[in-house]
Amino acid sequence: MALSAPSGLFGFPASPGRAPRNRDLDLAWKAPCKFSLTVLSPWGSAALARRLLQVSLSLALLGLATSAGGCLAAETAQERLFCRDLHQQQQGRLWNDGLYYRASNGRIVQVAQQGVIARYRVGQLFYYVVGSEQQKDLPGVLNIKFVFRARRPIHRADRVSVYNDRWESYSQAQMARAQSDCAALSVSGYENFHLRKTRNYCLRFHFHQRAPLDTLATPDRRESFAFGDMIPPEPGLVETAWSFIGPRSAFAAPAGPPPETSPPAQVKSWIRNFNFGDADGRCVSITPQFPQGVDSVHLRINNLGSRLTESPYSQDWHLTFSE
Amino acid sequence: MMVQKKLRTALLKLQAYAALYFSVLYRTVIQFWLIPNPPTGANVLTGGFAFLLLYSARMQLSLPVDSASMYTILFASFFIILIICGVLVVFDPRLRKPGAPLQVSAMAKLVSVICVGIILGCALVVLDTVFPWIDPLFGLANALGLSASSATFFAAGVAALFAFIVILTNSIIRAGGVRAFFSDLRNDVWSGIILIMLIIGVDLLLK
């Protein structure tokens, strides 16, 4: 469902080419589905009437948006606006999926596959998904994986943080249960579930979904959720058995191991639902939440497509953080 | 010729040891005081099997199998089991002779029964790779609104129960029938204790 917002009504910028102000930006970034209303003090009865009309209209639109299939998969006004600006800036040269963000000067910047990213200046990323004619109005799923690395040991480095944006439609109790069940998910447990088909309660009943797309439907899809080469392999049975009798290996080298081989890595795996809509491409917003104390990130986005027959399409970014 | 003879002797010794070991292992029953003494080094072999199956069972339930986790779990679980088994044997009046030293061999046999039961429980969890029985169980746990740790406890409990049924069946056959086995109150009491010990043990190891 297309949602056209009157200018400035939802906390998004009034003019399409201008970057949003910081306060509006924060509100929009944190809750893309929960529209924030900017209510100013009324200066007269006419202004008050206009404000009331705007509020009523926005509430009606909000009701329509939520009733028409949920706000998670539906394209938000923010994404639509970003996509429009992206098309204008690229002048139709958008043939491949790509990752973008809006710089402080308002221009849209494509994230290089290997580069530097400002930790505190990039609050929101947008993944541009090229849709085919057959995919129009079909649901799609992205799996977004982050492997954050640091020279020092990172808190909860042996756990995977999982999140599915469908949890946002859960009740508080359901959300608390999902988060509690997934709090102690180990890296090896996550990998074994996807690569060796072992059992895991959190992944099976909370993280993965059956609808609108079954994320475990095919072995190909299941395996696409694994981190694979993104994280160093854990010791196997022989190494574990040897560690009981043989000398124990050092957990982490104290001074500056190479980031790619260093064990301290914090990993996150997210599922993001979207709908291809009726446009040629779709901009899917991603709020990355870069943790403190990390030096770099290996980001991989898997586009699982919209049909069982499609193989997931994967793209990688190796980014170093600057302040 | 000499080497061949030595190799043949070594293989025969190995075969004899394996036969003795497995004959004792197959005689694992609830009435642990009737189990013959295991051959030397049998506990090391049982420990090896236990480690292998525990590792595979933990992997099957997507639990951490790194050396740090395994250290903690093995140490804590077996320490608790050893202590509980040791304490329990003292309370059996037939095993506690007045003035006699502590029945260490009876304790060792009880620990052996518990360990074999845990191995069986872990083997049943590993069997899920061939016959998927855990997924429906998790589905039921989810329908009941259980948490992840409760669901794992549920699966571990069911595995322990199956392991207990195997040992109980063996005990009944060796006792000469259901009536013969359950006619002795001592067997009934130890059956209950071993079932509880198995549930606790398998759950601790698959936590």
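Select B:Thr46. At 11% relative accessibility it counts as buried, because the cut-off for buried is under 20%. The model is predicted, so treat every value here as computed from it. B:Thr46 sits in helix H2 of chain B. Leaving out residues up to four places away in sequence, B:Thr46 touches B:Tyr21 and B:Ile119.

**Helices H1 and H2 of chain B**

Stay on B:Tyr21 and show all of H1, residues 2-25 of chain B. Then add H2, residues 42-60. How is such a pair described? Two packed helices are described by the angle between their axes and the distance between the axes. For H1 and H2 of chain B, the axes come within 11 Å. They cross at roughly 75°. That angle falls in the 65 to 115 range, so H1(B) and H2(B) are roughly perpendicular to each other.

Now show side chains at the meeting point. From H1(B), pick B:Tyr17, B:Tyr21 and B:Phe22. From H2(B), pick B:Ala42, B:Leu45, B:Thr46 and B:Phe49. These two groups meet. B:Thr46, the starting residue, is one of the H2(B) group.

**The loop after H2**

Move along to B:Ser62. It lies in the loop between H2 and helix H3 (67-90) of chain B. Check its backbone: what is the phi of B:Ser62? Phi is positive, about 55°, and the residue is not a glycine. Most residues other than glycine have a negative phi. Is B:Ser62 buried or exposed? B:Ser62 is buried, with a relative accessible area of 4%.

**Helix H3**

Next, select B:Phe78 in helix H3 of chain B. Its relative accessible area is 22%. Partly exposed lies between the 20% and 50% limits, so B:Phe78 counts as partly exposed. Which residues does B:Phe78 touch, leaving aside those up to four places away in sequence? The answer is B:Cys115 and B:Leu205. Draw a distance to B:Met59, too. B:Met59 is 19 residues from B:Phe78 along the chain, and their C-alpha atoms are separated by 20 Å.

**Chain B as a whole**

Zoom out to chain B. Its secondary structure is eight helices and zero strands. Along the sequence the pattern reads α-α-α-α-α-α-α-α. The C-alpha trace spans about 60 × 55 × 35 Å along its principal axes. Chain B has 207 residues, and 42% of them count as buried. Take contacts between residues at least 6 apart in sequence: 69% of these in chain B join residues at least 24 apart.

Turn on the surface of chain B. The accessible area comes to about 11,000 Å². Carbon and sulfur atoms account for 74% of that area. Then colour by charge. Chain B carries 14 positive and 7 negative charges, and the mean positions of the two sets are 20 Å apart.

**Chain A as a whole**

Switch to chain A. Here the secondary structure comes to eight helices and ten strands. Of its 323 residues, 47% count as buried. Among chain A contacts between residues at least 6 apart in sequence, 78% join residues at least 24 apart. The surface exposes about 16,400 Å², with 55% supplied by carbon and sulfur atoms.

**Strand E7 of chain A**

Select A:Ala265. It lies in strand E7, residues 265-275 of chain A. A:Ala265 has 5% relative accessibility and therefore counts as buried. Show what it touches, not counting residues up to four places away in sequence: A:Val147, A:Phe148, A:Arg149, A:Ile154 and A:Ala157. Now place a distance line to A:Val130. The two residues are 135 apart in sequence. From C-alpha to C-alpha, A:Ala265 and A:Val130 are 31 Å apart.

**Two backbone stops in chain A**

Go to A:Lys197, in the loop between helix H5 (187-195) and H6 of chain A. Its phi is near 60°, a positive value in a residue other than glycine. At 46% relative accessibility, A:Lys197 counts as partly exposed.

Finish at A:Pro212. It lies in the loop between helix H6 (201-207) and helix H7 (219-224) of chain A. Is the peptide bond from A:Ala211 to A:Pro212 cis or trans? It is cis, with omega near 0°. Most peptide bonds are trans.

Methods
Residues numbered from 1 in each chain as written. Chains lettered and ligands numbered in written order. Predicted model: local features only at pLDDT ≥ 70, side-chain atom pairs only at ≥ 80, totals over all residues. Heavy atoms only, no water. Helix = DSSP H or I, 4+ residues; strand = E, 2+ residues; numbered from the N terminus. Buried < 20%, exposed > 50% of the residue type's maximum accessible area, 1.4 Å probe, protein only. Contact = heavy atoms within 4.5 Å. Areas by Shrake-Rupley, 256 points an atom, 1.4 Å probe, with all protein chains shown as cover. Lys, Arg positive; Asp, Glu negative; His and termini not counted. Charge placed at Lys NZ, Arg CZ, Asp CG, Glu CD. Axes fitted to C-alpha atoms, helices over the stretch in contact; angles between N-to-C directions. Parallel < 35°, antiparallel > 145°, perpendicular 65-115°, else oblique.
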